[in-house]
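Hi,

Here is the structure I promised to pass on. Have a look at it first, then read my notes underneath.

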Amino acid sequence: MSRLPVIIGMGGINPAGRTSMHHGYRRLVLDALSADSQQTTLASLAQLMNLSADALDRQFIESHTLIRKLESNLFDPSSILHHQKLGLLAGSIIQVKTRQLPNPLPSHWRVVKEEGGVSHVALVSAETLLQPAFRQAVVNSAGQLPMGFDPANLYPSRNHPRGLQLSIYGASDAIHSLGFDWENIGRFLAPDQIAVYAGSSMSQLDYNGNGGMIQARLLGKRVTSKQCPLGFAEMPADFINAYVVGSLGGTGTNMGACATLLYNLSQGIDAIRSGKHRLVIVGNAEAPLLPEVFDGYSTMGALATDQGLNQLDGQATDVPVNHRRACRPFGHNCGFTLAESAQFFVLCDDELAVELGATIYGAIGDIFVNADGYKKSISGPGAGNYLTMAKAVACARSILGESALPKSYVLAHGTGTPQNRITESHILSETAKTFGITQWPVTAIKSYVGHSLGVAAGDQLAVALGVWAEGIIPGITTINQVADDVYQDNLQILLNHLQVPVDDLDVAFINAKGFGGNNASAAVLAPHVVTNMLEKKHGQSTMTAYWQRNEQVQAATSDYDNACISGNRSPIYRFGEGVIEGNELGYTATAVSVPGYEKTVDLNLQNPYPDMV
């Protein structure tokens with residue numbers, strides 16, 4: 001019997017706000033919402049930004065969310081510390097505090113005098129010293145979390161890297177969004193039927209992680225005992241297991257540059273469909289807003305610089321830059337915009353979802369991953385994405401039939417680079433022609449939230465689920481027209497929001513392209529489509545009982561949302577709680593029992609190679 005991976009929870013944080021209950025999505029389409037929905041969205045953002053809910057300043061909230069001019073909470077872009085080489089000539093005399101003299105003394109240094117704790121050193125040959133200096137950033141646009149939101153203040157963060165702080169917040173939001181206590185899972189599942197697949201594409205690069213481990217000695221500091229272990233790329237999964245859900249099940253991460261979340265999601269749905277795991281938490285967290293990361297991508301020519309944006313707008317270099325419009329997918333553009341984000345999704349098989357009464361936000365039809373083959377440039381696009389998009393559409397056709405394809409749309413990778421606008425539009429145009437789709441709606445939400453690297457497809461998936469709640473596909477509002485070199489045959493590249501009856505949107509296609517030839521495309525099925533599928537499989541009476549159970553789940557989810565907006569909920573962080581020691585496990589030859597779980601780990605494993613022994 002087939003198992004459909006359905007999405008029953010989602011949570012996280014990005015420049016648009018909190019993910020659960022579609023708040024982040026609603027920020028993108030704020031002006032198109034009803035007055036009540038606008039007010040709720042603004043109230044949610046005000047709570048995140050530590051603003052008074054009694055005096056909401058809409059203009060302030062809008063100005064300090066989404067892509068905007070880089071603020072100074074992480075570093076000051078107008079004064080970035082670096083070291084300038086300073087050349088000293090042979091024969092120069094320098095004065096150094098005696099206790100600060102290098103040991104051993106460089107071979108070309110001669111101490112000629114020492115008095116009062118100061119040594120006079122003659123340089124036998126030329127010397128190059130590093131002088132601390134400051135520079136102005138050339139890139140000043142970023143997709144930052146809402147101003148005032150600091151995950152470190154929400155739980156005992158203990159110098160955790162920012163990416164792990166975001167993981168704690170995002171995973172907690174996803175767990176709370178389920179509408180039932182996580183401990184109830186132990187009544188339905190054995191410990192090894194759960195899995196967590198989460199990580200980051202670039203690891204934890206700030207000073208509390210790998211960044212500090214690499215920089216500390218060069219900065220005259222000591223490496224701490226936490227920087228190395230907390231810098232690992234799979235650490236978001238480790239933190240979720242250890243401090244959020246206490247899972248003993250499957251774990252790990254599957255990295256693929258900017259397609260990383262879909263790689264993890266693919267691993268999760270494969271585990272569910274095979275029956276290896278029945279419930280999985282999938283996600284990614286990325287905190288790349290660091291001077292060094294900006295340097296890396298801007299040196300590649302990949303980021304939208306202030307100078308480049310002014311040139312696009314025909315403005316002099318001394319004219320203030322419109323940082324809000326930094327990311328311009330499928331328009332005249334000059335680079336992408338870095339962003340920070342954490343997105344997590346809880347999926348399970350359809351039978352468990354019905355049994356739990358869980359809210360179903362959608363389902364994953366399938367995910368396809370293909371490499372590019374031989375390449376000229378490791379960072380350039382290639383042929384693999386043609387295959388992934390074609391297979392994703394073919395998958396939707398095989399599940400729902402030809403009639404569903406005109407009732408679909410695309411959440412494009414849409415980075416905002418000149419190369420992407422040409423290559424991805426050609427892929428989408430050719431795919432649409434092949435499958436007979438005309439006027440295929442295409443949007444790119446990086447125009448709002450920026451490019452969060454490994455999390456990017458998670459930002460897209462959260463928006464897809466939000467579209468089915470409101471029936472509004474966000475338009476690419478940062479461009480006035482599609483660039484001349486963009487392929488538009490059979491496509492409707494949305495420059496404005498598109499309102500569509502929810503029942504007329506059966507499938508959302510999510511596309512992701514990563515450096516190195518990492519391509520992934522997903523077919524996501526609408527909740528009304530999933531409901532019809534479940535009714536056919538489980539029967540009307542079972543589904544009637546499901547809807548009755550779901551009423552309580554929906555009420556609990558609403559209570560959680562209200563508590564968040566009022567500032568009365570904190571992330572889950574169970575440091576040292578519920579630790580299970582080996583002597584607490586119950587062993588037999590056929591099963592292992594674990595405290596907190598009614599079901600045991602089955603040791604009656606089938607031989608995977610029965611035809612060989």
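**What I found: pockets first**

Strand S4 gives the largest share of the lining of the largest pocket, with 4 residues. Keep in mind as you read that this is a predicted model.

So what else surrounds that pocket? Its lining has 33 residues, and the ones nearest the centre are Tyr207, Gln215, Leu290, Pro291 and Glu292. At least two lining residues each come from strand S4 (80–88), strand S8 (127–135), helix H4 (162–176), helix H6 (210–215) and helix H10 (291–299). The space inside the largest pocket is about 870 Å³. Sorted by class, its lining has 15 nonpolar, 9 polar and 9 charged residues.

The second largest pocket holds about 590 Å³ of space. Look for Val245, Gly246, Glu577, Gly578 and Ile580, which lie nearest its centre among 22 lining residues. Helix H5 (185–188) and helix H8 (235–245) each add at least two residues to that lining, and H8 has the largest share with 5 residues. Here the classes come out as 12 nonpolar, 7 polar and 3 charged.

**Closed spaces**

How many cavities of 30 Å³ or more are there? The count is 2. The largest cavity has a volume of about 90 Å³, and 15 residues line it, with Asn14, Gly24, Tyr25, Ala462 and Val463 nearest its centre. Strand S2 (17–18), helix H1 (23–28) and helix H16 (456–470) are the elements giving two or more residues to this lining. By class, the largest cavity is lined by 7 nonpolar, 6 polar and 2 charged residues.

The second largest cavity has about 30 Å³ of space. You can find it by picking out Pro161, Arg162, Gly163, Ser203, Gln204, Leu205, Asp206 and Ala287, which line it. That lining splits into 3 nonpolar, 3 polar and 2 charged residues.

**The nonpolar cores**

Next, try colouring the nonpolar residues. The largest nonpolar core has 142 residues, and Leu279, Leu347 and Phe509 have the most contacts inside it. H16 supplies the largest share of this core, 8 residues. You met that helix above, where H16 helps line the largest cavity.

Leu347 is a nice one to click on. Beyond residues up to four places away in sequence, Leu347 touches Pro5, Val6, Ile7, Leu265, Ile269, Ile272, Arg278, Leu279, Val280, Val282 and Ile364. Leu279, on that list, is another of the residues with the most contacts inside the core. Another core, of 17 residues, lies apart from the largest one, and its members include Ile80, Leu290, Tyr297 and Ala302. Leu290 should look familiar, as it is one of the residues nearest the centre of the largest pocket.

**One residue to look at: Asn370**

Asn370 sits in strand S14 (residues 362–370). Is Asn370 buried or exposed? Its relative accessibility is 17%, and the cut-off for buried is under 20%, so Asn370 counts as buried. Its side chain makes a polar contact of 3.0 Å with the side chain of Lys391. Which residues is Asn370 in contact with, leaving aside its neighbours within four places in sequence? They are Gly384, Leu387, Thr388, Lys391, Gly517, Asn518 and Asn519.

Have fun clicking around!

Conventions. Residues are numbered from 1 along each chain as its sequence is written. This is a predicted model: local features need pLDDT of at least 70, side-chain atom pairs count only at pLDDT 80 or more; totals for chains, interfaces and linings use all residues. Side-chain values use heavy atoms; hydrogens and water are left out. Buried means under 20% relative accessible area, exposed over 50%, partly exposed in between (1.4 Å probe, protein chains only). A polar contact is a pair of N or O atoms within 3.5 Å; within protein, one must be able to donate a hydrogen and the other to accept it, and residues adjacent in sequence count only if both atoms are side-chain atoms. Contact means heavy atoms within 4.5 Å. On a 1 Å grid over the protein atoms alone, a cavity is a set of points where a 1.4 Å probe fits but cannot get out, and a pocket is an open set with protein on both sides within 12 Å along at least five of seven lines; lining residues have an atom within 4 Å of a point. Grid points are joined across faces, edges and corners, and a volume is the space filled by probe spheres set on the points. Ala, Val, Leu, Ile, Met, Phe, Trp, Tyr, Cys and Pro count as nonpolar, Asp, Glu, Lys and Arg as charged, and the others, Gly among them, as polar. A nonpolar core is a set of buried Ala, Val, Leu, Ile, Met, Phe, Trp, Tyr and Cys residues joined through side-chain atoms within 4.5 Å.
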